[in-house]
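Notebook open, model loaded. I want to look up one loop residue and then the strand that follows.

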Amino acid sequence: MVKILKTLANHSPLRKRKSKSKTTTIRLLQWNILADGLGEDGFLATEFSPIFESADAKSKSYSANEFMKLVREAKLADTASGMASKFSELKGAEKRLKKLKESAEGYSELRESARKLREETDRSELVKLKKQFQNSPQLQKVDGEILSWSKRSERIKRIVLQARPDVITFQEMDHVQQFLQDKDFSARYTCMVDVAKAYKPPTYTGHKGGSPHDDLSPDKYFHHLLASRAAFAPKSYSNAYLFRSKRDAKAPGTHSTHTTHSIDTIDDDGCVIFWKKDTFKPVELGFLGIPSDTEKSEAVVALTLQHLKTDTMLNVLTAHLPSGDEHSKELERLAVLNNPSANWTARRIHFQGKDWKEVPYEKGVHFVGVTSYVKYFADRKDTHTIFALDANSRPSFPRIKSDSSSSQTNVWDTILQDTGLESIWVQSSHLQKT
C-alpha cells in the first residue's frame, strides 16, 4: 500500500521547533515496494478472476473470495497439523546447509534431515493447493502483469512523480542505481549526500558463506555504507540478491554464472531515503547496525536534512523490522527495538566545510536498540524527527513480555513509549489509541 504522509508543524509526528520561521509543510511517502528479487516468491493476487484451475475450458473456476478462502483454509490446516512448523524447520536447515562446506562435520546428516523435511512438506495442504492451480492462466498472469519489475518500477515512478512528496522512505529497494539513473526521477530526487559521487552497487566474490573480500562482509559493511555516500542500507547476502542473480543468470544471452552486467547492477534489498534536491540539503548521514550472529548485516538509516527556504532541520529515519505473524516474530521485532545485552554500533558522516567526514557520536551516547537511536534524534534541539518504517506489526498485536521490558508490550507501544514521537495515523484519526 502507498501512503502519503502530510505533516504540519501543529499536527504531526514532528517535534515543534521554537523558531520564528514560517510553518514548514513536509510531505512524506512511506512504501515497502517489494524487492524485485523477491517478486517471484509465491505472491498471490486475485485481480484476474474468476480463477480457473487450468486452461481447460471445463476446469473449475473460483471467484476471488472463494480462492482466498481456499488459501486461508490450507494455511489453517497446515498450522493445525504441525506442517507450518515443518516448513520453518526446513527453512532453518536449508539456511545452515548454505553456510556449511560439504566436507564439514554434520553436513551429510543435515542434508538428509532437509531431504526428509522436504518430502513431508510436499504433502502439505498449501503445496497441494499450489499444484492444483499450477496451470491456472489467471495466476500465471500475476507474474507478468503485476509482479514484473519492468512494469512495477514504471508504476512506482509514476506514482511518486504524480504525488510529488518531499521525502520518500522505501524498504526492500534493490534498484537504487536504476532510480538514480532514471532521467525523470533523478531530475527531482536523490539519495546521494555527495553530488560528486556516483552510486555503485557492492560486489561479491561468490564464495559460499561469504568472503572477507566482499564489499558487504561484516568487517567492511559500515565502511561501504559511509563511503558510498548514499542514504541506503542494503541487507548483505540477501535473498533478494540471491534470487535475482540466479534469475538474471538464466535470462537469454547470459551464462549460468553471474555476468559482469549482473555484478555491476544487482543490489541487495534495503532501506533508502530519497529527497527533493531543490527543497533540502543533506547535512548528516548515519547508520545503526542491527546486531547479527551471522555474516548478514543490515542497518537503520538516519538522515538530517536542512530545508533550503526556512533552514528547518529535519531528521528522517527508516527501518524494516522482521516479518511474521507469530508471537516469536513479535519478540524478535521487540529485540531489534530494544536489547541492552546486544552489541550495537552506530556511525555517521557530517558535512564539514567542503567535504563529508566521519564524526563520532557524542561521548557518553550509548544505543541499546532502534528506539534509543530514534530518541537520540527526537531529543535534538531545534529539529523535527520522522520515523517512517515497515514495522511488520500492528497496533492490535497482542501484548507480550519481552526480555527487555518490565511489562507486556508490542512493537506499536514500544516505539511510541520509547521515542516520545506521536503517530500520524492517530493524529489524523485513521487509528484510535487503545
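My yardstick for burial: buried means under 20% relative accessible area, exposed over 50%, and partly exposed in between, with a 1.4 Å probe and protein chains only. By that cut-off I log Ser297 as buried, because its relative accessible area is 13%.

Housekeeping: this is a predicted model, where local features need pLDDT of at least 70, side-chain atom pairs count only at pLDDT 80 or more, and totals for chains, interfaces and linings use all residues. Residues are numbered from 1 along each chain as its sequence is written, and side-chain values use heavy atoms, with hydrogens and water left out.

Where does Ser297 lie? I find Ser297 in the loop between strand E9 (280–289) and strand E10 (299–307). Helices (H or I, at least four residues) and strands (E, at least two) are DSSP runs, numbered from the N terminus.

Next, its neighbours. Leaving out residues up to four places away in sequence, Ser297 touches Pro218, Tyr221, Pro234, Lys235 and Ser236; contact means heavy atoms within 4.5 Å.

On to E10. I count nine of its nine residues as buried. Ala299, Val301, Leu303, Leu305 and His307 point one way, while Val300, Ala302, Thr304 and Gln306 point the other.

Pairing next (two strands pair if DSSP finds at least two bridges between them). E9 and E10 run antiparallel, joined by nine bridges, and Leu285 has Leu303 as its bridge partner in E10. E10 also pairs with strand E11 (residues 313–320), again antiparallel, over six bridges. There I see Thr304 opposite Asn315.

Last look: E10 and E11 make a hairpin with five residues between them, and Asp311 in the turn has a positive phi of about 65°.
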